[in-house]
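Work through the exercises below with the sequence and the model at hand. Each task is followed by a solution in steps.

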Amino acid sequence: MTRPPRTGIRLTTAQALVRFLSRQYTERDGVRQRLIGATWGIFGHGNVAGIGQALVEYADDMPFHQGRNEQAMVHAAVGYARQCGRLATHAVTTSIGPGATNLVTGAALATINRLPVLLLPGDIFAARPADPVLQQLEVPYAGDMSVNDCLRPVSKYFDRVTRPEALIPAALAAMRVLTDPADTGAVTLALPQDVQAEAHDWPEEFFAERVWVVRRTAPDPLELAAAVAAVREARRPLVIAGGGVHHSAAEDALREFADATGIPVASTQAGKGSLRFDHPADVGGIGHTGTATANELARAADLVIGVGTRYSDFTTASGTLFEQPGVRFLNLNVTPFDAHKMAGTTFVADARAGLEALTRELRGHRVEPAYREEYRGDKARWEQRVDAAYLADEPDVRPTQAQVLGALDAVVTEEDIVINAAGSLPGDLHKLWRTRSARQYHVEYGYSCMGYEIPASIGVALAAPGRPVWALVGDGTYLMNPTEIVTAVQENVPIKVVILQNHGYASIGGLSHSVGGERFGTDYRFRAPDGTYSQGPLPVDLAANAASLGMRVLRVKTVRDLREALREARSADRPTCVYVETETADTVSGPPPAQAWWDVPVAETATRASAVKAREEYDRHVAARRRHL
């Protein structure tokens, strides 16, 4: 029997995938850029002979970054994607087994935050010449299952490419989801190791340059009319700017809307920076970590205009903050799922397109002058509280955490980017940080993942070369994931890491104290040779650890030292760490305390006085909880 002649380009599946990825582009508003800017990888059993060889084959077409931890590689890719406004991202390849399962946390973070990242884990043999293989999870009731199936619930798209020709529809579907403004997140293509190495005749069209247009969904006329009516009827409206404002590049449209209407703008963690801190309508962060100005406005608001926010119990205090009996919600969101939250009036559209339409239709409409004067006066008083928290009267003493932020605030310009994710720092930053530009404030609080900051700072620095990038980390977060410092050193990515050492898990310790947990398991306990325990500090040296990984480390003891070290780090052309021990009495609350209640259930029965008292306080607050219908 004579075989038909081969057509197309003969490559392995892995080679075809890398070549395909190097030719994918996005376009929005006439601006075109490459979709997959680079691939991160840690090689092992399951990807070294397939994807690894393909990346060597196409090294000129696909830049490569060597990671140290699989979760961290995803964080780096997510940081890159967020800095690029979701118009570009990175791919991440791992071995099978533990390499693949280490992706799960990073994938969850990406999907929760609606940020695109492409995951390429190796997988067990599709043809099963050996069963089981090294690192395979045997599932007696499902022969086609592997540990990669753990990625299904945290992926926006998942496929297992069990034949070479199946790559074509799978790869196209993956690109569709990565570029979908309403339905993006982690995308997983599980790649069996034998299929990666198998050759196939690929149609030339598969490798043609392909442009994925990132659409701006226009408002529906009926929804626009309802939104305009809702705004016109409101007397005390409040905008909540979420991450969707940044994803849509709608900052200018939001500023024009606020200028035209006089409506104040509060922001979530993801939305902070939607307006500059000194814009008259910017009233700061909202929710449990928000400002008194924003939260008092929220309590009295009769209309809450959510722009690109998904709401939550913490970042917007959605079930406890909005107290007005007749309060209503207007939700401008590209995702219908989010637009329907809080029983709101839906306004499904791209954030920029929706704000521009609202501004046009509301021409001449402004809130009452008394309302503007009220929130502007409150804003001015809050700025005085920020000044007080930042102030260090004695420069030769150990700084508080808030004073560390104040020292950094004095050093940065609108070019700098500040990254954080977990601990007590997000609360202090949300309340106090004076954001000077749209992309300056980068706090991941959708998943609040400890260990995000350092790898994300590398991704951000790759996306914004030349801009100073600061990773702010507490001691607990640093211990979670410092390994990507080695990658920063290897590639000379000049990130600036500020380690704030307060000798304990201060944020969760504060929560434990407030709910009757007595800080159990949150303070560091040190066991002496005689078997007795004492509270820290532990005999560890995080500065020495950072130095051992290749960073230049500047140790500081006083506020004066800190100011000098931050200036030096900012001008450094290599990865640099500033290590500072903060005043432990101020590890949680140098700035004003939480301005909104967070619903964390307390033990209903207990014998310890701390828990009984905490329950009494909980019952007092929970009586005001409501479901918006």
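**Exercise 1: a surface patch**

Phe43 has a relative accessible area of 34%, so Phe43 is partly exposed. The model is a predicted one.

Task: State where Phe43 lies in the chain, and find which residues form a nonpolar patch with Phe43.

Solution.
1. Phe43 belongs to the loop between strand E4 (36–41) and helix H2 (51–57).
2. Patch members need over 30% relative accessible area, and the value for Phe43 is 34%.
3. The nonpolar surface patch is formed by Phe43, Val48 and Phe64, which together have about 240 Å² of accessible area.

**Exercise 2: helix H5 and the residue after it**

Task: Determine which residues of H5 are buried, what they pack against, and whether Arg114 is buried or exposed.

Solution.
1. Within helix H5 (residues 104–112), the buried residues are Gly106, Ala107, Ala108, Leu109, Ala110 and Thr111.
2. Packed against these buried residues are helix H3 (70–83), strand E7 (117–123) and strand E9 (186–192).
3. Arg114 follows H5 and lies in the loop between H5 and E7.
4. Phi of Arg114 is positive, near 55°, although the residue is not a glycine.
5. Buried means under 20% relative accessible area; Arg114 has 18%, so Arg114 is buried.

**Exercise 3: the loop between E7 and E8**

Task: Locate the cis peptide bond and describe the backbone and exposure of Gln135.

Solution.
1. The cis bond links Asp131 to Pro132, with omega at about 10°.
2. Pro132 is in the loop between E7 and strand E8 (157–160), and Gln135 also lies in the loop between E7 and E8.
3. Gln135, a residue other than glycine, has a positive phi near 75°.
4. With a relative accessible area of 34%, Gln135 is partly exposed.

**Exercise 4: a parallel sheet and its helices**

Task: Give the strand order of the six-stranded sheet, identify the edge strands, and place helices H17 and H22.

Solution.
1. The sheet is open, its pairing is parallel, and its order is E19-E18-E20-E21-E25-E24.
2. E19 (441–443) and E24 (552–556) each have a single partner strand, so one side of each lacks a neighbour in the sheet.
3. From one strand to the next, the twist averages 20°.
4. E18 (residues 417–420) and E20 (residues 469–474) are joined by three parallel bridges; Ile417 is opposite Val469 in E20.
5. Helix H17 (residues 453–463) lies across E18, E19, E20 and E21 (496–501), at about 175° to E20.
6. Helix H22 (residues 559–570) touches E20, E21, E24 and E25 (576–581), and its direction makes about 160° with that of E24.

Conventions:
Residues are numbered from 1 along each chain as its sequence is written. This is a predicted model: local features need pLDDT of at least 70, side-chain atom pairs count only at pLDDT 80 or more; totals for chains, interfaces and linings use all residues. Side-chain values use heavy atoms; hydrogens and water are left out. Two strands pair if DSSP finds at least two bridges between them. Helices (H or I, at least four residues) and strands (E, at least two) are DSSP runs, numbered from the N terminus. Axes are lines fitted to C-alpha atoms, for helices over the stretch in contact, and angles run from 0 to 180 degrees between N-to-C directions. Contact means heavy atoms within 4.5 Å. Patches are made of residues with over 30% relative accessible area and no salt bridge: like charges are joined within 9 Å, nonpolar side chains (Val, Leu, Ile, Met, Phe, Trp, Tyr) within 5 Å. Accessible areas come from the Shrake-Rupley method with a 1.4 Å probe; for residues, only the protein chains shown count as cover. A salt bridge is a side-chain nitrogen of Lys or Arg within 4 Å of a carboxyl oxygen of Asp or Glu. Buried means under 20% relative accessible area, exposed over 50%, partly exposed in between (1.4 Å probe, protein chains only).
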